[in-house]
Amino acid sequence: MADLTGVTTVLARVQGTIGRLTVNRPDALNALDLPMIRALLAALDAWEDDPAVTAVVLDGAGERAFCAGGDIGVVHSSAVGDPAVALTLWREEYRLDARLARYPKPVVALMDGITMGGGLGIGGHAPVRVVTERSVLAMPEVAIGLAPDVGGAFLLGRAPGELGLHLALTAGRARAADALHCGLADHHVLSDRLPALVGDLAAGAPIPATVAKYAEDPGPAPLAAARCWIDRAYGDAPTVEDVLYRLEAMDEPGPHETVAALTAAAPTALKVTLRAVRAAREMTAIEQCLRQDYRLCSRFLRHPDLAEGIRAAILDKDRAPRWRPGTLAEVDDPAVEAFFAPVADELDLPEHPPVPHP
């Protein structure tokens with residue numbers, strides 16, 4: 001199983017009838033940098049017309065994470081220095097996300113462990129998505145002054161009721177049962193059974209029947225039980241302020257915890273995210289959402305909240321960001337609207353119908 005990439009942080013090899021892609025940066029929770037993104041794209045290109053490869057299995061090295069997201073250090077450096085660096089990373093990352101969603105051969109994503117941000121971008125759009133008892137899925141961008149990207153709004157906008165919007169606005173985490181309930185994953189397989197699953201797939205076993213053979217019920221989804229009050233809080237609420245007003249009027253622990261999460265997040269990111277998820281519900285192709293994501297991230301890169309949010313959460317870890325503006329009332333409609341306007345270097349991804357897989 002020779003590695004095809006020459007990049008040690010991505011292992012690409014043919015194992016039986018499958019192309020095996022492993023993001024291999026466990027000390028950084030398999031966070032994606034630009035060389036990794038390019039190596040993943042190169043492997044997919046090499047296997048597309050290779051008759052020996054009938055499917056692709058995507059996983060992460062180590063036991064802690066599938067992929068914890070993009071390289072946040074690069075984004076921070078770009079936010080306080082040269083914006084072109086992060087913009088290049090995002091353009092190629094979004095191309096990878098779309099490539100995985102449209103790949104002409106089945107892609108099985110094994111999202112074992114932490115799967116956040118860019119991790120959900122590479123795993124969440126695959127035709128077959130597996131989670132385990134160790135999986136934690138999230139789009140936590142509002143906590144660092146950003147909106148969900150990598151097509152995350154496209155996924156969250158299709159969750160039952162208002163559950164996806166709730167996860168987006170609170171940076172909420174979904175374990176296996178919630179991930180399946182919200183449509184962020186398709187199957188739950190215990191982590192110690194993944195090697196056997198991969199072995200069967202490499203031997204040419206049919207994907208749907210084989211994954212189903214290993215899958216187990218993860219149990220009840222906590223979000224399903226909370227949907228009643230979540231739908232009441234978010235449903236047709238015109239603004240984030242209205243959501244907070246409804247939550248504060250509810251006498252339950254869940255709403256009160258949600259108020260705390262919303263008030264801690266960046267006000268601008270909250271208002272942009274509310275509109276982004278609702279817009280994504282009307283989209284018919286992931287490429288439309290990725291184009292929107294690129295516009296939003298281009299604007300956030302020049303907004304003071306992104307560098308400040310990364311500083312407070314990742315670098316200094318003081319958990320005391322100083323958002324600008326600091327209140328929801330200060331973020332008016334024209335300010336939100338400006339995030340969605342076209343940019344000079346629009347992301348050009350051709351839209352295609354979904355590729356059917358067995």
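**Group meeting: a walk through some strands, a lysine and an aspartate**

Okay, let's start with one residue: Lys271 is buried, because its relative accessible area is 13%, and the cut-off for buried is under 20%. Keep in mind that we're looking at a predicted model here. So where does Lys271 sit? You'll find Lys271 in helix α13, which covers residues 267-281. And which residues does Lys271 touch, once we skip anything up to four places away in sequence? Those are Val240, Glu241, Leu328, Val331 and Val336.

Now compare that with Asp318. This one is in the loop between α15 (304-315) and α16 (333-339). Asp318 has 38% relative accessibility, so Asp318 counts as partly exposed. If we leave aside neighbours within four places in sequence, Asp318 is in contact with Arg311 and Ala312. With Arg311 there's a polar contact too, side chain to side chain, at 2.6 Å.

Right, on to the strands. Have a look at β2, residues 18-23. How many of its six residues are buried? Six of the six, so to speak a full house. Here's a handy thing to remember: in a regular strand, side chains alternate between the two faces of the sheet. In β2, Ile18, Arg20 and Thr22 are on one side, Gly19, Leu21 and Val23 are on the other, and all of them are buried.

What does β2 pair with? On one hand there's β1, residues 10-15, which pairs with β2 in the antiparallel sense over six bridges. Ala12 stands opposite Leu21 in that pairing. The hairpin of β1 and β2 has two residues between the strands, and Gly16 there takes a positive phi near 65°. On the other hand there's β3, residues 55-60, which runs parallel to β2 and is joined to it by six bridges. Here Leu21 turns up again, standing opposite Leu58. To get from β2 to β3, the chain goes through helix α1, residues 34-48, and this β-α-β crossover is right-handed.

Last stop: another sheet. Four strands form an open sheet, in the order β4-β6-β8-β9, with mixed pairing. Which strands stand at the edges? That's β4 (65-67) and β9 (173-174); each has a single partner strand, so one side of each is left without a neighbour in the sheet. Elsewhere in this sheet, β6 (residues 114-116) and β8 (residues 136-138) pair in the parallel sense over three bridges. If you want a spot to find on screen, look for Thr115, which stands opposite Leu137 in β8.

That's my tour, thanks!

Methods:
Residues numbered from 1 in each chain as written. Predicted model: local features only at pLDDT ≥ 70, side-chain atom pairs only at ≥ 80, totals over all residues. Heavy atoms only, no water. Pairing = 2+ DSSP bridges. Buried < 20%, exposed > 50% of the residue type's maximum accessible area, 1.4 Å probe, protein only. Contact = heavy atoms within 4.5 Å. Right-handed = clockwise from strand over helix to strand, strands pointing away. Polar contact = N/O pair within 3.5 Å; in protein donor to acceptor, adjacent residues only side chain to side chain.
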